[in-house]
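Biologist: Please take a close look at one buried part of this model for me, and then follow it outwards to the surface. I would like the cut-offs stated as you go.

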Amino acid sequence: MSRNIRGYLVPSEEHRRLNEFIGLLLATIAVLIGLSLISFNPNDPSFNISRNPEFPEKAKNFIGTLGSYVADIFLQLLGFSSFLLPVFLGVYAFHWLTSRKVEAILARVIGMALMVLTLATVFSVVSIIPSFRGAIPAGGVVGRILADKLDETVSTTGSIVILVASLLVSLFLTTTFSFSWAVAKFGPKFAFIGN
């Protein structure tokens, strides 16, 4: 029986041992990326700095020199929103480890990418968010480019509407969130608004 490309991206019922292996591998990568991001030091070797004479040979990053490069590329590109990457990867690893079916994998991947890009843009638009460790802009290069394009195209009010809508769409695609659930859950608490 032939499998399509989607069959290789989600765990299968028949190969539980393989699922656990892939899940453990993905979880390990998620933890390594997360630790690299958390322990980012702007003076570690990276794409901007080959070696800082103030620091010894070893990088201060928890994952070492490789971690400093990984953190640098993700933070330079996406800023604070890069912290979502190990979270998403960890959730995906959990599905593999437990051989749980992943519903609508393409929609979820699109939603995750949209959420990361939207938050990078929000972090670039909102000026009160400080730069990461005083070295990297909160939204990264991608967020800054998207924020500038949005500012050129629509007004500030239009930017806010687009970013809120984009964040809601990304929530719909990546989670089981729905407005009907939100109204049922929080509607009675905000009934005074309707009155």
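Modeller: Ser 82 counts as buried, with 0% relative accessibility, where buried means under 20% relative accessible area, exposed means over 50%, and partly exposed lies in between (1.4 Å probe, protein chains only). This is a predicted model, in which local features need pLDDT of at least 70 and side-chain atom pairs count only at pLDDT 80 or more, whereas totals for chains, interfaces and linings use all residues. Residues are numbered from 1 along each chain as its sequence is written, and side-chain values use heavy atoms, with hydrogens and water left out.

Ser 82 sits in the loop between α3 and α4 (84-97), the helices being DSSP runs of H or I with at least four residues, numbered from the N terminus. Leaving aside residues up to four places away in sequence, Ser 82 touches Leu 37, Phe 74 and Leu 75, a contact being heavy atoms within 4.5 Å.

Leu 37 and Leu 75 also belong to the largest nonpolar core, whose seven residues are completed by Ile 33, Phe 40, Ala 71, Phe 132 and Ile 136; such a core is a set of buried Ala, Val, Leu, Ile, Met, Phe, Trp, Tyr and Cys residues joined through side-chain atoms within 4.5 Å. The elements that give two or more residues to this core are α2 (16-38) and α3. With the same sequence neighbours set aside, Ile 33 touches Val 70, Phe 74, Pro 86 and Leu 89. Apart from this core lies another, of six residues, including Leu 84, Phe 88, Val 116 and Leu 119.

Turning to the surface, Ile 73 is placed in helix α3 and is partly exposed, at a relative accessible area of 36%. Together with Phe 47, Leu 77, Val 141 and Ile 145, Ile 73 makes a nonpolar surface patch of about 460 Å², and α3 (64-78) and α6 (140-153) each supply at least two of the patch residues. For such a patch, residues need over 30% relative accessible area and no salt bridge, with nonpolar side chains (Val, Leu, Ile, Met, Phe, Trp, Tyr) joined within 5 Å, while the areas come from the Shrake-Rupley method with a 1.4 Å probe.

Helix α6 also holds Arg 144 and Asp 148, which are about one helical turn apart because four residues separate them. Their side chains meet in a salt bridge at 3.1 Å, N to O, the rule being a side-chain nitrogen of Lys or Arg within 4 Å of a carboxyl oxygen of Asp or Glu.

Technical notes. Patch = residues over 30% accessible without salt bridge, like charges linked within 9 Å, V, L, I, M, F, W, Y side chains within 5 Å.
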